[in-house]
Amino acid sequence: LLLEGQRTNLVTYSEDFSNADWSKGGSSVTSGFTSPDGTANAYKLVEDTSTGVHSLSAIYASSQTGYKTWSICAKAGERNWFVINAYYGGDYKTYFDLTNGIVGTTGSGVVADIKAFPNNWYRISIKVSCISTFSNNGIEIITANADNSNSYTGDGTSGVHIFGAQVEQGSYPTSYIPNYG
């Protein structure tokens, strides 16, 4: 029996990182990887050869205040450091070590968590108290080359596996809620 509050995933195309709703910055995505649910619907976020940040981001609509929780499943590839950045009128980056399953540098006002899933996947999440409304809300996911270091020269092939992005109103992550647009 699963007892959770009613929630909505604010991220559209939460599994389809190739969709145009996901902006690529110094990166690309490749499909066909095995996700935590055992099907080939995960992606790999691949850095390009530029110097800078290698990321994916999506904007969502929300005018609600209170706690919001950002989460995604991630698995180390050639890069083991990974970042979630919550767009909410500020910079709420948090670094995660996907090899050792630990939280690294955490932004001010952020509560972060990492939970192990089978086959070396982790569900990582951050919680931020949203006291005002902003029109430019979003989620950004970033490959990193070390803790607190997400700007570097990419090699064009390295990356991190990703699945199931979610942003929800509430102070903890619920079970993954797919959103297909």
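## Phe163 and its ring partner

Phe163 has a relative accessibility of 6%, so this residue counts as buried. The cut-off for buried is under 20%. These values come from a predicted model.

Tyr176 sits on the other side of an aromatic pair with Phe163. Its relative accessibility is 23%, so Tyr176 counts as partly exposed.

A search of the whole structure finds 3 aromatic pairs. In the pair of Phe163 and Tyr176, the ring centres are 5.4 Å apart and the planes meet at 55 degrees, so the pair is tilted. The pair links distant parts of the chain. Phe163 belongs to strand β14 (residues 159–169), while Tyr176 lies in the segment after β14, 13 residues apart.

## Other rings

Phe17, Trp22 and Tyr43 make up one aromatic cluster.

Charged residues also meet rings. Arg7 lies over the face of Tyr172, 4.4 Å from the ring centre. Lys127 lies over the face of Tyr67, at 4.8 Å from the ring centre.

## The sheet

Strand β14 is one of 6 strands in an open sheet. The order is β2-β3-β14-β6-β11-β10, and the pairing is antiparallel. Which strands stand at the edges? They are β2 (27–33) and β10 (110–116). Each has a single partner strand, so one side of each is left without a neighbour in the sheet. On average, neighbouring strands of this sheet are turned by 30 degrees against each other, direction ignored.

Strands of a sheet pair through backbone hydrogen bonds. Edge strand β10 pairs with β11 (residues 121–130) in the antiparallel sense, over 7 bridges. Asp113 has Ser125 in β11 as its bridge partner.

Methods
Residues numbered from 1 in each chain as written. Predicted model: local features only at pLDDT ≥ 70, side-chain atom pairs only at ≥ 80, totals over all residues. Heavy atoms only, no water. Pairing = 2+ DSSP bridges. Helix = DSSP H or I, 4+ residues; strand = E, 2+ residues; numbered from the N terminus. Axes fitted to C-alpha atoms, helices over the stretch in contact; angles between N-to-C directions. Phe/Tyr/Trp six-rings, centres within 6.5 Å; stacked < 30°, edge-to-face > 60°. Buried < 20%, exposed > 50% of the residue type's maximum accessible area, 1.4 Å probe, protein only. Lys NZ or Arg CZ within 6 Å of the ring centre and 35° of its normal.
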